[in-house]
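Let's walk through this structure together, moving from charged side chains to the nonpolar interior. Have the viewer open as you read.

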Amino acid sequence: MAAQCLVCGAVIVCERTHESRMCSCPNRAFVDASIGGLTRVGARDRALIRELSEGEAQALQGPLHHA
């Protein structure tokens, strides 16, 4: 699962269970991969994030990797 913060442009990617990533801007966009395959995507202002498919995330940042 991936998302893009529309404030800072960060592409946030989680591929593993129990992994959580967040951008560093004031919007604090995040992707949180929980147990059971559920993934949460959010931000301080949810209107300022865009959920991405794996293909969209790859196109924006190159091959997916664990940061």
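Glu51 has a relative accessible area of 41%, so it counts as partly exposed. In this predicted model, Glu51 pairs with Arg46 in a salt bridge, with 3.0 Å from N to O. Arg46 is partly exposed too, at 44% relative accessibility. If you select both side chains, you are looking at a salt bridge whose Glu partner has 41% relative accessibility and whose Arg partner has 44%.

How many salt bridges are there by this rule? The count comes to five, and two others are worth a visit here.

Start with Asp32, which sits in strand S4. Is Asp32 buried or exposed? Its relative accessible area is 17%, and because the cut-off for buried is under 20%, Asp32 counts as buried. The side chain of Asp32 meets that of Arg40 in a salt bridge, at 3.1 Å from N to O. Arg40, for its part, is partly exposed, with 49% relative accessibility. Setting aside residues up to four places away in sequence, Asp32 touches Arg40 along with Cys14, Glu19, Ser20, Leu38 and Thr39.

One of those contacts, Glu19, takes us to the next pair. Glu19 forms a salt bridge with Arg16, and their closest N and O atoms are 3.6 Å apart. Here a buried residue again meets a partly exposed one: Glu19 has a relative accessibility of 7%, while Arg16 has a relative accessible area of 43%. Zoom out a little and you will find Arg21 as well, since a network of salt bridges links Arg16, Glu19 and Arg21.

Now for the nonpolar side of the picture. In soluble globular proteins, nonpolar side chains tend to be buried together. The largest nonpolar core in this model has 12 residues: Ala3, Cys5, Ile12, Cys14, Cys23, Cys25, Ala29, Val31, Ala33, Val41, Ala43 and Ile49. Strand S1, covering 2-5, and strand S4, covering 30-33, each contribute at least two residues to this core. Strand S4 therefore links our two themes, because it also holds the buried Asp32.

Ala3 is a handy place to finish. Beyond its neighbours within four places in sequence, Ala3 is in contact with Ile12, Val31 and Val41, as well as Ala10, Val11, Arg50, Glu51 and Leu52. Glu51 on that list brings us back to the salt bridge with Arg46 where we began.

Definitions and conventions: Residues numbered from 1 in each chain as written. Predicted model: local features only at pLDDT ≥ 70, side-chain atom pairs only at ≥ 80, totals over all residues. Heavy atoms only, no water. Core = buried A, V, L, I, M, F, W, Y, C linked by side-chain atoms within 4.5 Å. Buried < 20%, exposed > 50% of the residue type's maximum accessible area, 1.4 Å probe, protein only. Helix = DSSP H or I, 4+ residues; strand = E, 2+ residues; numbered from the N terminus. Contact = heavy atoms within 4.5 Å. Salt bridge = Lys/Arg side-chain N within 4 Å of Asp/Glu carboxyl O.
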